[in-house]
Amino acid sequence: MTFIPLMNNITLLIVLGISYGLIVRHWRKGTLSFSIAAGILFSIVAVVGMINAVVLAPGLIFDGRSIIISIASFLGGPVTAIVTVVTTGAYRIWLGGQGMVMGLSGISESALIGLVFFYLDKKFPWVKSNLSMLLFGVLVHTVMLLMMYLLPGGLQAQALSQVAVPVIIIYPLATVVLCLFFIAQEERVVSENLLKENEHKYKALAEGTNSVILKWRPDGILTYIN
């Protein structure tokens, strides 16, 4: 019953997540500007997901914020994590209800696990592999399910029966897809920037050398001369 709303929520997050490519192109990753901009983007996406959440009971909602917050922390680092956690946490407090403590705990654990993988990625190249990303998604959402025991007694069984299966299956897969998509965007931008830099260096070398550099076709037509 909750599969369709959860899938709609994740689809919305994926569509909005495409905007990450614009940030990667306009700000160099690792700079403060990039981290803040990424935090703002992921915060907007997470809050939109919360607005379109699955409502199990008054004040008890489920959405894709754990996916977005964990990825924001993993890719953006501490500053991005802080911006995202503060924004989504404030909105969750504003919503209130019986699931507030569990919701805030889920936000916190998603960010912390994301940061662990962020720092692991600096030391181990295998962290961004498909299997590692799947492990990342499973870990985040297994802990999130355990957070359901923070709910009042009568809501624990209800919440687990309705969302446990989609959360442990769909959410990790969505995490893998988004992570790989964002990583591919980053790598493509790095490759494009490197290519432009090499072209600039080659042009400067070719135009600045004291030797003649010629390029012509087999039919003898000259195509380049410095």
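**A walk through the helices**

Let us start at Ile67, which counts as buried because its relative accessibility is 0%. The word buried stands for a relative accessible area under 20%, exposed for one over 50%, and partly exposed for anything in between, using a 1.4 Å probe and protein chains only. The model is a predicted one, in which local features need pLDDT of at least 70 and side-chain atom pairs count only at pLDDT 80 or more, while totals for chains, interfaces and linings use all residues. Residues are numbered from 1 along each chain as its sequence is written, and side-chain values use heavy atoms, with hydrogens and water left out.

Ile67 belongs to helix 4. Its C-alpha atom is separated by 9.5 Å from that of Cys179, although the two residues are 112 apart along the chain. Zooming out, the chain has eight helices and four strands; helices (H or I, at least four residues) and strands (E, at least two) are DSSP runs numbered from the N terminus. Following the sequence, you meet them in the order α-α-α-β-β-α-α-α-α-α-β-β. Of the chain's 226 residues, 44% are buried. Contact here means heavy atoms within 4.5 Å. Among contacts between residues at least 6 apart in sequence, 69% join residues at least 24 apart.

Now look at the interior. In soluble globular proteins, nonpolar side chains tend to be buried together. A nonpolar core is a set of buried Ala, Val, Leu, Ile, Met, Phe, Trp, Tyr and Cys residues joined through side-chain atoms within 4.5 Å. The largest such core here holds 47 residues, and Tyr20 and Phe74 have the most contacts inside it. Elements giving two or more residues to this core include helix 2 (20-26), helix 3 (32-51), strand 1 (54-57), strand 2 (60-62) and helix 6 (100-121). Helix 8 supplies the largest share of the core, 14 residues. Once neighbours within four places in sequence are set aside, Tyr20 is in contact with residues including Phe34, Leu41, Phe42, Leu75 and Phe182. Two of these names return in an aromatic cluster made of Phe42, Phe181 and Phe182.

That brings us to the rings. A pair of aromatic rings is described by the distance of the centres and the angle of the planes. Rings of Phe, Tyr and Trp (its six-membered ring) pair if their centres lie within 6.5 Å; planes under 30 degrees apart count as stacked, over 60 as edge-to-face and the rest as tilted. A search of the whole structure turns up eight aromatic pairs. One of them joins Phe74 and Phe136, and because the ring planes stand at 50°, with the centres 5.5 Å apart, this pair is tilted. It links distant parts of the chain, since Phe74 sits in helix 4 (residues 65-76) and Phe136 in helix 7 (residues 130-146), 62 residues apart. Both Phe74 and Phe136 are buried. Phe118 and Tyr119 form an edge-to-face pair, with 5.0 Å from centre to centre and 80° between the planes. Within it, Phe118 is buried, at a relative accessible area of 13%, whereas Tyr119 is partly exposed, at 45%.

How do the helices around Phe136 meet? For what follows, axes are lines fitted to C-alpha atoms, for helices over the stretch in contact, and angles run from 0 to 180 degrees between N-to-C directions. Angles under 35 degrees count as roughly parallel, over 145 as roughly antiparallel, 65 to 115 as roughly perpendicular and the rest as oblique. Helix 4 and helix 7 pack at about 130°, with axes 11 Å apart, which means helix 4 is oblique to helix 7. Their contact includes Ser66, Ile67 and Phe74 of helix 4 and Phe136, Val140 and Met144 of helix 7.

Helix 6 also packs against helix 7, at an angle of about 155° with axes 9 Å apart, so the two are roughly antiparallel. Residues on the helix 6 side of the contact include Ser110, Ile113, Gly114 and Phe117, facing a helix 7 set that includes Phe136 and Val140.

Our last stop is Gly114, which lies in helix 6 and is buried at 0% relative accessibility. Leaving out residues up to four places away in sequence, Gly114 touches Ser70, Ser73, Phe74 and Phe136, which returns us to the tilted ring pair of Phe74 and Phe136.
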